[in-house]
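Okay, thanks everyone, let me put this one up on the screen. I'd like to talk through the ligand site and then a bit of helix packing.

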Amino acid sequence: MRVAFLGAGTVGAAAIRLLQRWPQVCVTKALVRDLAVPRSLGASPPDLSADPEEVLADADIVVELMGGVKAPTRLMQRAAAAGARLVSANKAALAERWDVWGAWARSGRLGFEAAVMAGTPVVAAVAHTLRGSRPLALHGLLNGTCGYLIERLELGDGFEAALAEAQRLGYAEADPSLDIDGIDAAHKLTVLARLCALPELDWEEVRPAVRGIRGLSPERLAALERRGLRARLVASLWSEAGRWRVAVRPLALPADHPLVTVGRGRNALLYHGDAVGTVLIAGAGAGAEATASAVVADVLEAAAGRPGPQPVELAALPAEVSGASHGASHGEPLEPLEPLEPPATP
Ligand code: HSE
């Protein structure tokens, strides 16, 4: 199978190197903006080109790792029209252009495991295994950069230095305000919500319910710690008064909350289903190799002709959970979540 890459940056280069382990696929071409940038593409590198036409010609599978929304959507439309299978890690395009990307997902021609929590398997889990239960609620640590920033602030480091390090490690988005302001976590929450509960959830319904972690400081985190609390940026889907709610915001969680005990700097998904109970999935949520792992898995699935994850067909009924607006299961209520308000401005 001939595989073409749209983008060969940090994640793209790692995926191109990893794919060289698999003889059934061959990355033949990669679209790059700047041919002069040195890249580490392994022993059998693809031909690099700045011309999308040339890269898309004859590809069986097209992998999009460009970032952004408009340009990747346009190029993937061309790839889809030419009959290619599609793979992408682009949570922003999935969240914001569901009118286009949703049709590919529904037809099973799109793989997007890497879009949420990198190579830690949550997309397949929510779209397949957890379908046997009715969803009650989910709460996730879905942004690796914020996880890393909070970890560093808890250790007493300053915000700017920690952010520079997150950028150096390849965790942060090209525009890191997408991470810090909670938008990236909201994109991922939107993707997960469509897979389990609300197939037509509109990005515009999610966007107003998003707050990020600006305003956190080592002093505030130390003060919370003295009260037995830890701040985390939590993305949630839950039901309240007979309707589904979504939100991304920093919360002060008890130190023994599962989203704290998973360990500093990790991404995690805490899922409550009526039959399965409480499920916790945790691991890396960002980084070149961890994300490339999921891209490779999606390419192998596409090469084998297996369909990608599809949104739930019908909207799930909001759960009637007495006494716990944030979700419960089998009499095992989630710890109350105390919103962490931004500091009062003097
Ligand atoms: N900027 C993202 C994060 C990358 O920090 O989680 C992975 O999606």
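So, a residue counts as near a molecule here if one of its heavy atoms lies within 4 Å of it. And keep in mind that this is a predicted model.

With that cut-off, which residues are around the ligand? Going along the chain, we have Lys91, then Asn143, Gly144 and Thr145, then Tyr171, Ala172 and Glu173. After those come Asp179, Asp184 and Lys188, and finally Gly285 and Ala286. By character, that shell splits into five charged residues, four polar ones and three nonpolar ones. Two helices, α7 (144-154) and α10 (183-196), each contribute at least two residues to the shell.

Now the polar contacts. Glu173 puts a polar side-chain atom 2.6 Å from a nitrogen atom of the ligand. Asp179 does something along those lines, with a polar side-chain atom 2.7 Å from a ligand nitrogen. On the oxygen side, an N or O atom in the Asn143 side chain sits 3.4 Å from an oxygen atom of the ligand. As for cover, the ligand on its own has 250 Å² of accessible area, and the protein covers 92% of that.

Okay, helices. Let's stay with α7, since we've just met it at the ligand. It packs against helix α8 (residues 159-168), with the axes 9 Å apart and an angle of about 140 degrees. Angles over 145 would count as roughly antiparallel, so α7 is oblique to α8. The crossing of α7 and α8 is right-handed.

The other pair is helix α1 (residues 10-19) with helix α14 (residues 288-303): about 55 degrees, axes 8 Å apart. That angle makes α1 oblique to α14. And what's the hand of the crossing of α1 and α14? Right-handed.

Key: Residues are numbered from 1 along each chain as its sequence is written. This is a predicted model: local features need pLDDT of at least 70, side-chain atom pairs count only at pLDDT 80 or more; totals for chains, interfaces and linings use all residues. Side-chain values use heavy atoms; hydrogens and water are left out. A polar contact is a pair of N or O atoms within 3.5 Å; within protein, one must be able to donate a hydrogen and the other to accept it, and residues adjacent in sequence count only if both atoms are side-chain atoms. Accessible areas come from the Shrake-Rupley method with a 1.4 Å probe; for residues, only the protein chains shown count as cover. Helices (H or I, at least four residues) and strands (E, at least two) are DSSP runs, numbered from the N terminus. Ala, Val, Leu, Ile, Met, Phe, Trp, Tyr, Cys and Pro count as nonpolar, Asp, Glu, Lys and Arg as charged, and the others, Gly among them, as polar. Axes are lines fitted to C-alpha atoms, for helices over the stretch in contact, and angles run from 0 to 180 degrees between N-to-C directions. Angles under 35 degrees count as roughly parallel, over 145 as roughly antiparallel, 65 to 115 as roughly perpendicular and the rest as oblique. A crossing is left-handed if the near helix is turned anticlockwise from the far one by less than a right angle, and right-handed if clockwise.
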